[in-house]
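User: I would like to go through this model carefully, one question at a time, with the reasoning given before each result.

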Amino acid sequence: MVINGNLAKMTLVNKFLNWTIRASTSSILCPIYVFKRMAFSEKSIPILYYHRVSPHAVESVNPEFFEQQIRWLKKENYRFISLKEYFSEKDENYFWKQNNVLLTFDEGYEDNYLYAYPVLKRYKATCTIFLATYYVDNECIMPWHEFQPSANEYFRMLSWDQIKEMSEFGIEFGSHTVNHPDLTSLDDAELREELWKSRKTIKTHIGKSVNFLCYPFGWYSKRVIDVAKEVGYKGACSSIYGLNRRDVPSFELRRIYIGTKIQTLFDFYKRVIGAYDIPIYIYQKLFTREIPRLE
Ligand SMILES: [Zn+2]
């Protein structure tokens, strides 16, 4: 009881701090970030990350709001690029003078195909979808859905046919491992298997090489990075919050989560320009496992 009470108190304190830090500093910092974006010649790159786009499911972005976000990015002359383009152009100076943006989706829910893909096609935009290959074409829902109400049709994952169709259109696919485990808890053999097997499985189905990884839960370590490099990955997305400057390491790309908390285009805009970067980074550093200390 005592432990539970303390935990509940901790969670409340965390929530309170999280909310206060975000709400106060993002509004104060917003004009500074707008100025910074206008004044400096090098532009940091937002990699946005979504899970779901659906009118039905909980914890998902409404398709209409998703379309508004894409339309706004287009209007602001953002260029939608893949991770392949990011890595092939990032050493060029011109690259850091453009408005580039990357969209990423984790897990591979079927709603990515049903609701996000048509919008992306309409606006000639692209994205990268990270697949946990065990769940593709599988009736099995993700483990954390077990406790959800029994609306299984809303938890369907992508099929290989849908993946192939999107890949042919130009959507990029990356690895989110096979089983979506905490990679830092695996022994070397298990870790290697999770990393190479998913890469190979996706390549077999889409006929294109898979060079980018996304860490499940955003948890990684130096050992995870070393093995990922060893099995051939060229870069990886973390869940560290923020924009990417030129010096962000290839295996620790930062991302900006776009979830249900974002209700207005102005809030979306503040995130894209980096107004939330500092407060959320501090929060992550203090309270989460998403920013590991790499020895
Ligand atoms: Zn995930």
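User: How many bridges join strand E3 to E4, and in which sense do the two strands run?

Analyst: The model is a predicted one, and in it strand E3 covers residues 100–107. Glu107 stands opposite Leu131 in E4, and the chain passes from E3 to E4 through helix H4 (residues 110–122) in a right-handed β-α-β crossover. The two strands run parallel, and the number of bridges that join them is 4.

User: Which strand pairs with E4 in the parallel sense over 4 bridges and has Phe173 opposite Ile129?

Analyst: Ile129 of E4 has Phe173 standing opposite, and the strand that holds this partner spans residues 172–175. The pairing is parallel and is made over 4 bridges, and the strand concerned is E5.

User: Which residues of E4 are buried on each of its two sides?

Analyst: In a regular strand the side chains alternate between the two faces of the sheet. Strand E4 comprises residues 128–131, and both of its faces are covered. One side carries the buried residues Thr128 and Phe130, while the buried residues on the other side are Ile129 and Leu131.

User: Is Asp106 buried or exposed, and how many other C-beta atoms lie within 10 Å?

Analyst: Asp106 is placed in strand E3, and its C-alpha atom is separated by 6.1 Å from that of Ile129, although the two are 23 residues apart along the chain. Leaving aside neighbours within four places in sequence, Asp106 is in contact with Tyr49, His51, Phe130, His176 and Cys214. A residue counts as buried from 20 such neighbours upward, and Asp106 is therefore buried, the number of other C-beta atoms within 10 Å being 27.

User: Which residues have the most contacts inside the largest nonpolar core?

Analyst: In soluble globular proteins, nonpolar side chains tend to be buried together. The largest nonpolar core here has 66 residues, and its largest share, 5 residues, comes from H4. Ala228 touches Leu195, Leu213, Tyr233, Ala236 and Phe251 when residues up to four places away in sequence are not counted. Inside this core, the residues with the most contacts are Ala228 and Ala236.

User: Asn77 has a positive phi in a residue other than glycine; is Asn77 buried or exposed?

Analyst: Most residues other than glycine have a negative phi, and most peptide bonds are trans. The phi of Asn77 is near 65°, and this residue lies in the loop between helix H2 (63–75) and strand E2 (79–80). Because 8 other C-beta atoms lie within 10 Å of Asn77, this residue counts as exposed.

User: How many C-beta neighbours does Phe217 have inside 10 Å?

Analyst: Phe217 is not a glycine, yet its phi is positive, at about 60°, and its place is in the loop between strand E6 (212–214) and helix H7 (222–230). Phe217 counts as partly exposed, the number of C-beta neighbours inside 10 Å being 15.

User: Which residue follows H8, and what is its phi?

Analyst: Helix H8 takes in residues 265–273, and its buried residues are Phe268, Arg271, Val272 and Ile273. After this helix comes Gly274, whose phi is positive, near 95°.

User: What is the mean pLDDT of the protein chain, and how many contacts does the stretch of residues 1–6 have beyond near neighbours in sequence?

Analyst: The mean pLDDT of the protein chain is 87, with 80% of its residues reaching 70 or more. Over residues 1–6, however, the pLDDT is below 50. Where pLDDT is low, the predicted coordinates should not be read in detail. Beyond near neighbours in sequence, the number of contacts of residues 1–6 in the model is 0.

Key:
Residues are numbered from 1 along each chain as its sequence is written. A residue is buried if 20 or more other C-beta atoms lie within 10 Å of its own, exposed if 12 or fewer, and partly exposed in between; C-beta atoms are placed from the backbone. Two strands pair if DSSP finds at least two bridges between them. A crossover is right-handed if, with the strands pointing away from the viewer, the path from the first strand over the helix to the second runs clockwise. pLDDT is the predictor's confidence in each residue, from 0 to 100. Two residues are in contact if their C-beta atoms, placed from the backbone, lie within 7 Å. A nonpolar core is a set of buried Ala, Val, Leu, Ile, Met, Phe, Trp, Tyr and Cys residues joined through C-beta atoms within 7 Å.
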